[in-house]
Amino acid sequence: MSDEVPPPVSAVADWLRTVPVELRDRVDQLRALVHHVARDEGAWPLVEEVKWGQPSYRSPHGNESTPVRLGWTGDGDAALLTHCQSTVIPEFRAAYGDDFRFDGDRA
């Protein structure tokens, strides 16, 4: 299987064109990371769509995982977002607290 990130679906491509120029590389890096982790964890191919006005990524295997979304924060950085009631961000904070910046329980 290729390590290349597939081209975005058309709705996501449209959204990517709205990303501020200074954030495009960071958002592209996050999108690539989401695809690579999904491939490594057996959640491939991802379902890529726009939900709540942001690119959303979920496993094609039903409700076994939490969708993640791409966006940017109010302080002008790219962000990976989850539903605020999921445990994804608290789990990441516990495992990688010094490696990432976190915003509450959703980014």
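How much space lies in the largest pocket? About 1,000 Å³. This report starts there and then turns to strands, rings and loops.

The model is predicted: local features need pLDDT of at least 70, side-chain atom pairs count only at pLDDT 80 or more, and totals for chains, interfaces and linings use all residues. Residues are numbered from 1 along each chain as its sequence is written, and side-chain values use heavy atoms, with hydrogens and water left out.

**The largest pocket**

A pocket is an open set of points on a 1 Å grid over the protein atoms alone, where a 1.4 Å probe fits, with protein on both sides within 12 Å along at least five of seven lines. Its volume is the space filled by probe spheres set on the points, which are joined across faces, edges and corners. Lining residues have an atom within 4 Å of a point.

Here the lining holds 34 residues, and L33, V34, V68, L80 and F92 are the closest to the pocket centre. Helix α2 (24–40), strand β2 (54–58), strand β4 and helix α3 (88–96) each give two or more residues to this lining. α2 gives the most, with seven. Helices (H or I, at least four residues) and strands (E, at least two) are DSSP runs, numbered from the N terminus. By class, the lining has 20 nonpolar, six polar and eight charged residues. Nonpolar covers Ala, Val, Leu, Ile, Met, Phe, Trp, Tyr, Cys and Pro; Asp, Glu, Lys and Arg are charged; the others, Gly among them, are polar.

**Two hairpins**

Strands pair if DSSP finds at least two bridges between them. The table sets out two antiparallel pairs.

| Strands | Bridges | Residues between strands | Opposite residues | Positive phi |
|---|---|---|---|---|
| β1 (47–51) and β2 | five | two | E49 and S56 | W52, near 55° |
| β3 (68–72) and β4 (78–81) | four | five | W72 and A78 | G76, about 85° |

W52 has its positive phi although it is not a glycine. The residue lies in the loop between β1 and β2. W52 is exposed, with a relative accessible area of 70%. Exposed means over 50%, buried under 20%, and partly exposed in between, with a 1.4 Å probe and protein chains only.

E49 also has a partner far along the chain. Its C-alpha atom is 7.1 Å from that of V9, and the two are 40 residues apart in sequence. V9 sits in the segment before α1 and is partly exposed at 36% relative accessibility.

**Rings and a charge**

The whole structure holds five aromatic pairs. Rings of Phe, Tyr and Trp (its six-membered ring) pair if their centres lie within 6.5 Å; planes under 30 degrees apart are stacked, over 60 edge-to-face, and the rest tilted. W15 and W72 have ring centres 5.4 Å apart and planes at 35°, so this pair is tilted. The pair links distant parts of the chain, 57 residues apart: W15 is in helix α1 (residues 10–16), W72 in strand β3. W15 is buried, at 10% relative accessibility. W72 is partly exposed, at 36%. Elsewhere, ring pairs link F92, Y96, F100 and F102 into a cluster.

The charged end of R39 sits over the ring of W44, 4.1 Å from the ring centre. Such a contact needs NZ of Lys or CZ of Arg within 6 Å of the ring centre and within 35 degrees of the ring normal.

W44 also begins a cis peptide bond, to P45, with omega near -5°. P45 lies in the loop between α2 and β1.
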